[in-house]
Amino acid sequence: MPFDESDEEPAVDPETDLSGLPGPQSGDKRPSSSRQQPKQSRKKKGKMQHLSMDAGDSNNGDSFEDLSFWWVFFGMFYQLLKKRQRAIRYNSILTADDRVTEFLHGHWERIFNRTRMTRDCFVRFFSIMEQTGRLTPSRAVSVEEQLMIFLFVVGHGASNRDAQETWQRSGSTISKYFGIVLEAIFNMSGEYIRPPDMNNVHHTIRYSNRFFPYFQGCVGAIDGTHVSACVGGARADKFRGRKGDTTWNVLAACDFDLKFTYMLSGWEGSAHDARVLEHAISEPQHGFPFPPPGKYYLVDSGYANRGCFLAPYRGTNYHLRDRRRLGGDRKKEQFNYRHASLRNAIERTFGIWKRRFPILRSMHQFPLDKQAMIPVACAVLHNFIRMDPASVAQDHVSGDEDDDDASSEDDSVDADPDGVDVGESSSHLNIPPDMDMGAFRDYVTNCIHEGSSG
């Protein structure tokens, strides 16, 4: 009988035979609850895993908070480190206080070169500023240092960076105290820029036979000058003067002691001198010092010969170098030359003023209102320094500001031998009330010519 594979008993694989292992078999009669136990165990295990994952998420959140804290901590530490690095940038052996002490107690030339004042003059000025309360010391900067910072900038034309390096201060500190001192000195202009005694004849005129008695009614000289301005953009065109530079047109009057008696600053460089003067005398708030009747100021030919302003003849030789030329009216030339010699006081004053304070020739980028205040503040300092004989002795300025200014020839009695005697009665050379300035000029011209011919 052939072999039939279906009649054979199937072979049992020992690897898959589970009959010998404990567990539910087909013939097992254990209750169903026992059979469901593995399923419940799986549920419990899954729940425990879920709880474990929640715990892990909680740990991750704590780690993130810790990380954020450290980021904030390191950020604050970095900012503190940057401030520390900025603070030690000014690491000179000498602090600002040390430098002030060194200048005050060192060689006299050092403080003069630094502040344009002698030691005694600086101490007096510092005392006035402190006692009147115009300047007060701060926690870190004394009044002496505040003044020295300002004088260093205006007296050397120094930039903010130069002042930082010299005084070991930050740029904001330099700028802050420069503005404070500038405003304080500017507010002193009413005390130190004031008209002279107009009722007496100045000794420069009284004891010179070239000027007395012809100009005995003169109380000073008036002129305009250009001070550097730092202006950019579309506004620069209004500030361009006749030489093409951006400037301020500053009107000033001075006496024959070379001190300013009036100053008006704030006009653009393109404005004409005569326009600035007209504005000064027509606006009462500017406080122009009008002389009493019979007195007058000397002005150049750019101004009108009227009112209390005596101008030279136009179209006639004026300066000494022009006087040597041939031709012209001899009488008018004599008047113009003496007029130029006496009016030269304003040119010499401008020259000393600008050489002492180079910032007037090279202005830095300050706001326009501060730029307009700087010439007046420097004029206050100029007048205060002129009150100190030792500081005046250091002024080695003998020439004029520009080449076209009047001659600075000596005004002594012997300079012009054809003048009249100093003691000659001359009350008639004051301006009569009913005489205009043109007729008075002609009258003085005739007197000068007669005196030199006699």
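**Confidence, cores and a pocket in a predicted model**

The model is predicted, and the mean pLDDT of its chain is 78, with 70% of the residues reaching 70 or more.

User: For residues 397-427, how many contacts beyond four places in sequence does the model have?

Analyst: Two stretches need care in reading, since pLDDT stays under 50 over residues 1-39 and again over residues 397-427. For residues 1-39 the model has seven contacts beyond four places in sequence. For residues 397-427, the number of such contacts is 68.

User: Which helix gives the most to the largest nonpolar core?

Analyst: The largest nonpolar core has 83 residues, and those with the most contacts inside it are Phe150, Phe215 and Trp353. With 11 residues, the element that gives the most to this core is helix 14, residues 368-386.

User: Which residues does phenylalanine 150 touch, leaving aside those up to four places away in sequence?

Analyst: Phe150 is one of the residues with the most contacts inside the largest nonpolar core. When residues up to four places away in sequence are not counted, those that Phe150 touches are Phe178, Val181, Leu182, Ile185, Ala377 and Leu381.

User: How many residues does the second, separate core have?

Analyst: This core includes Leu251, Ala253, Leu264 and Tyr297. Its number of residues is 19.

User: What is the volume of the second largest pocket?

Analyst: This pocket is lined by 20 residues, of which Arg194, Pro195, Pro196, Asp255 and Lys259 lie nearest its centre. The lining divides into 10 nonpolar, four polar and six charged residues, and helix 9 (189-192), strand 1 (218-228) and strand 3 (260-268) each supply at least two residues of it. The volume of the second largest pocket is about 350 Å³.

Conventions:
Residues are numbered from 1 along each chain as its sequence is written. This is a predicted model: local features need pLDDT of at least 70, side-chain atom pairs count only at pLDDT 80 or more; totals for chains, interfaces and linings use all residues. Side-chain values use heavy atoms; hydrogens and water are left out. pLDDT is the predictor's confidence in each residue, from 0 to 100. Contact means heavy atoms within 4.5 Å. A nonpolar core is a set of buried Ala, Val, Leu, Ile, Met, Phe, Trp, Tyr and Cys residues joined through side-chain atoms within 4.5 Å. Buried means under 20% relative accessible area, exposed over 50%, partly exposed in between (1.4 Å probe, protein chains only). Helices (H or I, at least four residues) and strands (E, at least two) are DSSP runs, numbered from the N terminus. On a 1 Å grid over the protein atoms alone, a cavity is a set of points where a 1.4 Å probe fits but cannot get out, and a pocket is an open set with protein on both sides within 12 Å along at least five of seven lines; lining residues have an atom within 4 Å of a point. Grid points are joined across faces, edges and corners, and a volume is the space filled by probe spheres set on the points. Ala, Val, Leu, Ile, Met, Phe, Trp, Tyr, Cys and Pro count as nonpolar, Asp, Glu, Lys and Arg as charged, and the others, Gly among them, as polar.
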